[in-house]
Amino acid sequence: MSLKDQLMADMKQAMKDREAGKMRLTVIRMVRASIKNFEINNKVELDDDGVLQVLMKEVKMRQDSLEEFKKANRAELVAQAEEEIAILKAYLPEALSDEELKEIVAATIAEVGAAGPKDMGKVMPKVMAKTKGRADGKRINAIVRELLK
């Protein structure tokens, strides 16, 4: 079952759940709208990888909002953002641990033959391609910087 089909099935289930699935329904509708907008704007039909990218973008937006809500002491908005992030993360593949990520980065550095921080541009795209949706770009960047010192 593709991610789009899974989102549609979950949306139908959330509709049936009424009050219990209200937040889930809202989040799924927002994500489906983002997917549809991307497809319309780029005149392309998204596959699972494309849908994954949209989901990751949605999670990132909510994480950025979460930080701002925490700074402004808005507890109700923090709780809402955390719930939305949890719903979205259910559709993402399991995140890599720091150890697994370090192994992938170290293998990529050896594969590319990177010697120092100036070779970061060679390493980052390959690592991003290998981790696809399983690690945040900031985490990857930090680990690459650490290993290339």
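The legends below accompany several close-up views of a predicted model.

**View 1. The whole protein chain is a helical one, with 7 helices and 0 strands.** Read from the N terminus on, the elements follow one another as α-α-α-α-α-α-α. Taken along the principal axes, the box filled by the C-alpha atoms of the protein chain is roughly 55 × 40 × 30 Å. Of the 149 residues in the protein chain, 33% count as buried, and the accessible surface comes to about 9,400 Å², with 53% of that surface belonging to carbon and sulfur atoms. When contacts in the protein chain between residues at least 6 apart in sequence are considered, 61% of them join residues that are at least 24 apart. The protein chain also carries 28 positive and 26 negative charges, and the mean positions of these two groups are 4 Å apart.

**View 2. The largest nonpolar core has 23 residues, and Leu7, Ile35, Val51 and Leu55 are the ones that touch the most other members.** The elements that each give two or more residues to this core are helix 1 (3-17), helix 2 (22-42), helix 3 (48-71) and helix 4 (75-89). Helix 3 makes the greatest contribution to this core, with 6 residues.

**View 3. Leu7 is shown here with the residues it contacts, leaving aside its neighbours within four places in sequence.** These contacts of Leu7 are Ile28, Val31, Arg32, Ile35, Val51 and Tyr91. Two of the names in this view, Ile35 and Val51, also appear with Leu7 among the residues that touch the most other members of the largest nonpolar core.

**View 4. Leu101 has its place in helix 5 (residues 98-112).** With a relative accessibility of 0%, Leu101 counts as buried, because buried residues are those under 20%. If its neighbours within four places in sequence are left aside, Leu101 is in contact with Leu96, Thr131, Ala135, Arg139, Ile140 and Ile143. The C-alpha atom of Leu101 is separated by 9.0 Å from that of Val127, a residue 26 places away along the chain.

**View 5. Asp119 is found in the loop between helix 5 and helix 6.** Although Asp119 carries a charge that counts as negative, this residue is buried, with a relative accessible area of 8%. Not counting residues up to four places away in sequence, Asp119 touches Gly113, Ala114 and Leu148.

**View 6. Arg24 and Asp10 form a salt bridge, in which the closest N and O atoms are 3.6 Å apart.** This pair links distant parts of the chain, since Arg24 belongs to helix 2 and Asp10 to helix 1, and the two are 14 residues apart. Which of the two partners is buried and which is partly exposed? Asp10 is buried, with a relative accessible area of 14%, whereas Arg24, with a relative accessible area of 30%, is partly exposed.

**View 7. Lys132 and Asp49 form a salt bridge, with their closest N and O atoms 3.9 Å apart.** Lys132 lies in the loop between helix 6 (120-131) and helix 7 (137-147), while Asp49 lies in helix 3, so this pair ties together parts that are 83 residues apart in sequence. Lys132 counts as partly exposed at 42% relative accessibility, and Asp49 also counts as partly exposed, at 37%.

**View 8. Within helix 3, the side chains of Glu68 and Lys71 meet in a salt bridge, at 3.8 Å from N to O.** Because Glu68 and Lys71 are 3 residues apart in helix 3, about one helical turn separates them. Glu68 counts as partly exposed at 45% relative accessibility, whereas Lys71 is exposed, with a relative accessible area of 64%.

**View 9. Lys4, Glu39 and Glu45 are linked to one another in a network of salt bridges.** A search of the whole structure finds 14 salt bridges, and the pairs picked out in the preceding views include Arg24 with Asp10, Lys132 with Asp49 and Glu68 with Lys71.

Conventions
Residues are numbered from 1 along each chain as its sequence is written. This is a predicted model: local features need pLDDT of at least 70, side-chain atom pairs count only at pLDDT 80 or more; totals for chains, interfaces and linings use all residues. Side-chain values use heavy atoms; hydrogens and water are left out. A nonpolar core is a set of buried Ala, Val, Leu, Ile, Met, Phe, Trp, Tyr and Cys residues joined through side-chain atoms within 4.5 Å. Buried means under 20% relative accessible area, exposed over 50%, partly exposed in between (1.4 Å probe, protein chains only). Helices (H or I, at least four residues) and strands (E, at least two) are DSSP runs, numbered from the N terminus. Contact means heavy atoms within 4.5 Å. Accessible areas come from the Shrake-Rupley method with a 1.4 Å probe; for residues, only the protein chains shown count as cover. The place of a charge is taken as NZ of Lys, CZ of Arg, CG of Asp or CD of Glu. A salt bridge is a side-chain nitrogen of Lys or Arg within 4 Å of a carboxyl oxygen of Asp or Glu.
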